[in-house]
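This briefing is intended for a reader meeting the structure for the first time. It proceeds from the core to the helix pairs and then to individual residues.

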Amino acid sequence: MKRRREMENGSEIRSVIEELSMVVKVKTVDDDHDAAVQVHQDSAHIPTRPFLSVCNSILQVLDKIGPTMAVLRQDVHQNIQRLEKARESNPSKYSNLIEILRTEVTEGNARKGASCCKAFVWLTRSMDFMVALLQRLAKDPRQSMEQAVEESYCIALKPWHGWISSAAFKVALKLVPDDRTFITLLLAKDENLDTLKEEMQSLISLLVPFLEEIHSILSSLGLDRLKAT
């Protein structure tokens with residue numbers, strides 16, 4: 001109920017922080033190895049349901065960017081559904097998302113069709129995009145939104161897109177709201193610009209190490225170079 005009220009008040013950033021904190025909390029309880037030890041896929045653990053909750057919360061932030069993110073938003077939604085369907089097929093085994101990936105890699109299906117591995121990779125890249133965008137906005141909330149979105153896209157998504165996806169994004173970029181409108185949409189009823197910047201920094205501080213761990217896992221599984229087909 002509290003989370004629903006927060007979403008209604010426009011605090012999407014808070015919602016992502018809350019969901020991501022739950023992932024970190026669950027991982028802290030479940031992981032026995034020292035946090036400083038390099039992540040290996042045999043011991044890696046990402047709780048599936050909390051992770052998908054984070055992705056659902058990120059959708060709410062993408063919505064604020066408007067039609068420009070429509071295709072990305074649809075992809076995120078479909079990838080969440082794909083992983084949720086896999087989890088439901090064996091809730092006990094697949095409570096650890098890495099088990100879903102490991103199964104596909106072992107069976108040779110990771111790169112085939114609409115695999116869960118591809119879904120996870122693209123959800124990760126969507127979060128990479130969000131981090132890049134938040135880092136720019138936290139540094140200068142009044143900078144050009146079009147420039148911030150384009151720079152973030154070039155860093156996180158463009159290297160993995162084909163020319164059709166890149167061309168479509170270029171067209172959609174013209175629909176990005178101006179900086180004042182976007183910041184107003186992100187602000188909760190009890191927030192000002194300073195508190196929003198603090199929340200952005202808090203989210204960045206959670207997302208960056210989490211994504212570093214995910215990229216280490218993807219690399220160990222040989223999935224980090226997957227491109228759009």
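In this predicted model, the largest nonpolar core holds 69 residues, and Phe 51, Phe 129 and Val 149 touch the most other members. Eight elements give two or more residues to this core: α2 (12-30), α3 (48-65), α4 (70-89), α5 (97-107), α6 (116-139), α7 (145-156), α9 (179-186) and α10 (193-220). The largest share, 15 residues, comes from α6. In soluble globular proteins, nonpolar side chains tend to be buried together.

**The chain as a whole**

- The secondary structure consists of 10 helices and zero strands.
- The chain has 229 residues, of which 48% count as buried.
- Among contacts with a separation of 6 or more, 74% join residues that lie 24 or more positions apart.
- The exposed area of the chain is about 11,600 Å², and carbon and sulfur atoms supply 52% of it.

**Helix pairs**

Two packed helices are described by the angle between their axes and the distance between the axes.

- *α3 and α4.* These helices pack at an angle of about 165°, and their axes are 10 Å apart. Angles over 145 degrees count as roughly antiparallel, and α3 and α4 are therefore roughly antiparallel to each other. The crossing of α3 past α4 is left-handed.
- On the α3 side, the contact is made by Thr 48, Arg 49, Leu 52, Cys 55, Asn 56, Leu 59, Leu 62 and Asp 63. On the α4 side, the residues involved are Leu 72, Arg 73, Val 76, His 77, Ile 80, Leu 83, Glu 84 and Arg 87.
- *α3 and α9.* The angle here is about 150°, with the axes 9 Å apart. That makes α3 roughly antiparallel to α9. The crossing of α3 past α9 is right-handed.
- Val 61, Lys 64 and Ile 65 of α3 meet Phe 182, Leu 185 and Leu 186 of α9.
- *α6 and α10.* This pair packs at an angle of about 145°, with the axes 9 Å apart, and α6 passes α10 in a left-handed crossing.
- The residues of α6 that meet α10 include Phe 120, Val 121, Met 127, Met 130, Val 131 and Leu 134. Those of α10 that meet α6 include Met 200, Leu 203, Ile 204, Leu 207, Val 208 and Leu 211.

**Helix α5 and its cover**

- The buried residues of α5 include Leu 97, Ile 98, Ile 100 and Leu 101, and also Arg 102, Thr 103 and Glu 104.
- The cover over the buried residues of α5 includes α3, α4, α6 and α10.
- Just after α5, Gly 108 takes a positive phi of about 80°.

**Buried residues and their contacts**

The contacts named below, and those of Lys 227, leave out residues up to four places away in sequence.

- *Val 149.* This core member touches Ile 65, Met 69, Phe 129, Leu 133, Phe 169, Leu 173 and Val 176.
- *Leu 173.* This residue lies in the loop between α8 (163-172) and α9. Leu 173 counts as buried because its relative accessibility is 2%, below the cut-off of 20%.
- Leu 173 touches Thr 68, Glu 146, Val 149 and Glu 150. Leu 173 and Ile 65 are 108 residues apart along the chain, and their C-alpha atoms are separated by 9.9 Å.
- *Val 23.* This residue lies in helix α2. With a relative accessibility of 0%, Val 23 counts as buried.
- Val 23 touches Pro 47, Pro 50, Phe 51, Val 54 and Phe 210. Between Val 23 and Leu 52, which are 29 residues apart in sequence, the C-alpha to C-alpha distance is 9.7 Å.

**An exposed residue after the final listed helix of the core**

- *Lys 227.* This residue is found in the segment after α10. Lys 227 is exposed, because its relative accessible area is 52% and the cut-off is over 50%.
- Lys 227 touches Trp 122, Arg 125, Pro 159 and Trp 160.
- His 161 is 66 residues from Lys 227 in sequence, and the two are 6.5 Å apart in space, C-alpha to C-alpha.

Methods
Residues numbered from 1 in each chain as written. Predicted model: local features only at pLDDT ≥ 70, side-chain atom pairs only at ≥ 80, totals over all residues. Heavy atoms only, no water. Helix = DSSP H or I, 4+ residues; strand = E, 2+ residues; numbered from the N terminus. Buried < 20%, exposed > 50% of the residue type's maximum accessible area, 1.4 Å probe, protein only. Contact = heavy atoms within 4.5 Å. Areas by Shrake-Rupley, 256 points an atom, 1.4 Å probe, with all protein chains shown as cover. Core = buried A, V, L, I, M, F, W, Y, C linked by side-chain atoms within 4.5 Å. Axes fitted to C-alpha atoms, helices over the stretch in contact; angles between N-to-C directions. Parallel < 35°, antiparallel > 145°, perpendicular 65-115°, else oblique. Left-handed = near helix turned anticlockwise from the far one by under 90°.
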